[in-house]
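The exercises that follow are meant to be worked through with the structure in view. Each one sets a task and then walks through a solution step by step.

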Amino acid sequence: MIVEGDVLAIPRANIDTDQIIPARYLTRIDADGMGEHLFAGMTDGPELLLRHPTASIVVTGENFGCGSSREHAAWALCGRGFAAVIAPSFARIFSENAYTNALLPIVLPHHTVDMLMATRRIRIDVESETLWADDGERIRFALDPLRKQFVLGGGFLPYLHAKIPAVRAWEAAR
Amino acid sequence: MSRSLFDKLWDAHVVEELPGGNALVFMDLVVAHEITTPAGAIAIANDFEDRLYDPARIVAMIDHVAPAKDSATALQAQTVRSWAKRHAITFHDIGDNGICHVLVPERGYVAPGMTVCCGDSHTCTLGALGAFALGIGTTAQAGAMLAGCLILQRPKVMRVEVTGALGNDATAKDLALTVIATIGFRGGTGYVLEYTGSAIRALSMEQRMTLCNMAIESGATTGIIAADETTAAYLAATRGAPSGWQAEAADPDAVYAATVTIDGSAVRPVVSWGTNPGECSPIDGVVPFDAPEESLTYMDLRPGQVLTSIAVDQAFIGSCTNSRIGDLRAAADVLRGRRVAVPTIITPGSQAVRRQAEREGLHDVFQDAGALWTHSSCGPCLGMSMGVLAPGTRCVSSSNRNFPGRMGDGGRVHLAAPAVVAASAILGRLGSPAEIAESAAVPA
């Protein structure tokens, strides 16, 4: 699986989920329509998106997605056509939500992320956990080996559904 | 191998080890509210024949927007309401509801040793009862409702030891903020915070909930406190609470990935000045000279500014952090016989808390002071329904997040304990209860 796209660089740490999508938009019973509210809580968010209309990969600072558990943050990024977020670190819940929605949360060291901020376009090979910046430099990264399969098309809920007999057996023997 | 309290809970709930350090972890209880549950419930209905692992392990309620504010939130509530009815899931509708993290312990749904998850980051609150409780996304919650389990990476454990005793008017909220300021806003990421020490053991159950509630604000998976006689007394007094639980504790020689020690007697009342909860300082101090410029620009503050000189436009007492009866009593003690100088919203954490407050006459204290006394909901905390801030205005709040825009676009939030919020509401600026204790009360 190859993911290739233009970069939206947000050189700041701690972009919380209230900035990614404010709570006033969490009023639906499905994941639809969240993309239009992406970064609505970020002071320069809407302007950033206007300036980078073709971007599909976010490159940003530490602790992206901190705060609320709202999966709407991942839905909003996916809904707007984003396929990956590259950062030195992610908040746990955001990272889990990203994987279940086939949005790649790619962790790389600070200096690599800083270098990628200046990149216009990135190509990502999910299977081999490799990406290329537009100067051709090859960078390796590591995905969660289990959750990677949820990105590659194996569904999260079907995976858990298949575990039900094992869970029932465990509970009965508890 | 000597184990921490968290290790014991984890080990007792692992159904299966999975690749990459993941595990299938059994959930004793799934808490479901109207904002994050509908999409998952619908996915199960559409794709998995509407079959839940065990409806008896789910408790549902309306908590964020109660009652519905518009057609969209009404549909969210109705979706959860009809789903709960269809599956005979225990459900707390408006009138009998509350913020899930207040209602769940108050109704006896959680006991020491349990695992609990909810599509809400502040589920860590329930670690106060010696449970492993954590927030997760909508799909993970759906997975727990479908298969009884979460997929989790095993977190490391950080021991947060608070020695001595809290003094100097410091509260559990001040301790919670001090812990975040000490380990850093993302310093807890990848960890569970296991709170120990004499200052922790001296906290009431409600105060422990306030402390654990904010574990997520350091990035931690959750916070946890070993059950003791305080826990036992709380559960014994809680109608419906389980009685057969066993108190687990860390082994005396338990090994921790990290340890932090905080002198409880040095904790002072604090207030946040920045845009994350770790950016806070003692209320009698100043905005730090090394404060990040970006935070100060958003907050319209300057380094060295005296915190008690900062005027506020609104005050809010409520949220899953500080809306329990003890919080309301603390606020009432400050407000009794005085008048608020700015619009002040006081929102109890549950309808049961509301009724208790009214039995004690606190609603009269609040309303005599000119505050708005509301029914229970998440209220202004997340800028979703009532009490939203106007751009550029400043609110002193007993809630948990001061992120940019959290309580409304361009709104600025200063986090503090309920008594500090009450004092600030009277003063019209950030201020401490000690300041107004010196002034005479005016006739109501």
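A residue is called buried if 20 or more other C-beta atoms lie within 10 Å of its own, exposed if 12 or fewer do, and partly exposed in between. The model is predicted, with an ipTM of 0.97 and a pTM of 0.97, and chain B averages a pLDDT of 96, with 98% of its residues scoring at least 70.

**Exercise 1. Burial of two helices in chain A**

Find which residues of helix H3 of chain A are buried, and name elements that cover them.

Step 1. Helix H3 of chain A spans residues 72-79, and six of its eight residues are buried, so that the helix counts as mostly covered. These buried residues are A:His72, A:Ala73, A:Ala74, A:Trp75, A:Ala76 and A:Leu77.

Step 2. Their cover includes H1, strand E3 (84-87) and H4 of chain A. Just after H3(A) comes A:Gly81, which takes a positive phi of about 95 degrees.

Step 3. Turning to H4(A), one finds nine of its nine residues buried, among them A:Arg92, A:Phe94, A:Glu96 and A:Tyr99. H4(A) is followed by A:Ala102, whose phi is also positive, near 60 degrees.

**Exercise 2. Where the two chains meet**

Describe the side of chain A that touches chain B, by its helices and by the kinds of residue it holds.

Step 1. Begin with the contacts: 43 residues of chain A are in contact with 52 residues of chain B.

Step 2. On the chain A side, helix H1 (17-20), helix H4 (92-100), helix H7 (156-161) and helix H8 (164-172) each supply at least two residues.

Step 3. Sorted by kind, the residues of this side of chain A divide into 17 nonpolar, 13 polar and 13 charged.

**Exercise 3. The two domains of chain B**

Work out how chain B is divided, and which helix of domain 1 gives the most to the side that touches domain 2.

Step 1. Chain B is divided into domain 1, made of 5-239 and 249-263, and domain 2, made of 270-437. The C-alpha centres of these two domains of chain B lie 24 Å apart.

Step 2. Across the boundary, 32 residues of domain 1 of chain B are in contact with 27 residues of domain 2 of chain B. Helix H4 (100-106), helix H6 (172-183) and helix H8 (205-213) of chain B each supply at least two residues of the domain 1 side.

Step 3. H6(B) gives the most to this side, with six residues, and the residues of the side as a whole divide into ten nonpolar, 13 polar and nine charged.

**Exercise 4. Two sets of strands in chain B**

Trace the order of the five-strand open sheet of chain B, and then follow the partners of strand E6 of chain B.

Step 1. The five strands of the open sheet stand in the order E17-E16-E15-E18-E19 of chain B, with parallel pairing. Strand E17 (372-373) and strand E19 (412-415) of chain B are at the edges, where each has a single partner strand, and so one side of each is left without a neighbour in the sheet.

Step 2. Within this sheet, three bridges join strand E15 (residues 314-317) to strand E16 (residues 344-346) of chain B, and B:Ile317 has B:Ile346 as its bridge partner. Helix H14 (residues 418-427) of chain B lies across E15, E16 and strand E18 (394-397) of chain B, and runs at about 155 degrees to E15(B).

Step 3. Strand E6 of chain B (residues 115-118) is joined by three bridges to strand E3 (residues 29-33) of chain B, and by four bridges to strand E7 (residues 132-135) of chain B. B:Val30 stands opposite B:Cys117, while B:Cys118 stands opposite B:Gly135.

Step 4. From E6(B), B:Thr115 and B:Cys117 point one way and B:Val116 and B:Cys118 the other way, and all are buried.

**Exercise 5. Backbone details in loops**

Decide whether A:Glu129 and B:Asp300 are buried, partly exposed or exposed.

Step 1. A:Glu129 lies in the loop between strand E5 (121-125) and strand E6 (130-132) of chain A, and its phi is near 55 degrees, a positive value in a residue other than glycine. With 16 other C-beta atoms within 10 Å, A:Glu129 is partly exposed.

Step 2. B:Asp300, found in the loop between helix H10 (293-299) and E15 of chain B, has a positive phi of about 55 degrees although it is not a glycine. B:Asp300 has 11 other C-beta atoms within 10 Å and is therefore exposed.

Definitions and conventions: Residues numbered from 1 in each chain as written. Chains lettered and ligands numbered in written order. Predicted model: local features only at pLDDT ≥ 70, side-chain atom pairs only at ≥ 80, totals over all residues. Domains from an automatic or database assignment. Contact = placed C-beta atoms within 7 Å. Nonpolar A, V, L, I, M, F, W, Y, C, P; charged D, E, K, R; others polar. Pairing = 2+ DSSP bridges. Axes fitted to C-alpha atoms, helices over the stretch in contact; angles between N-to-C directions. pLDDT = per-residue confidence, 0-100.
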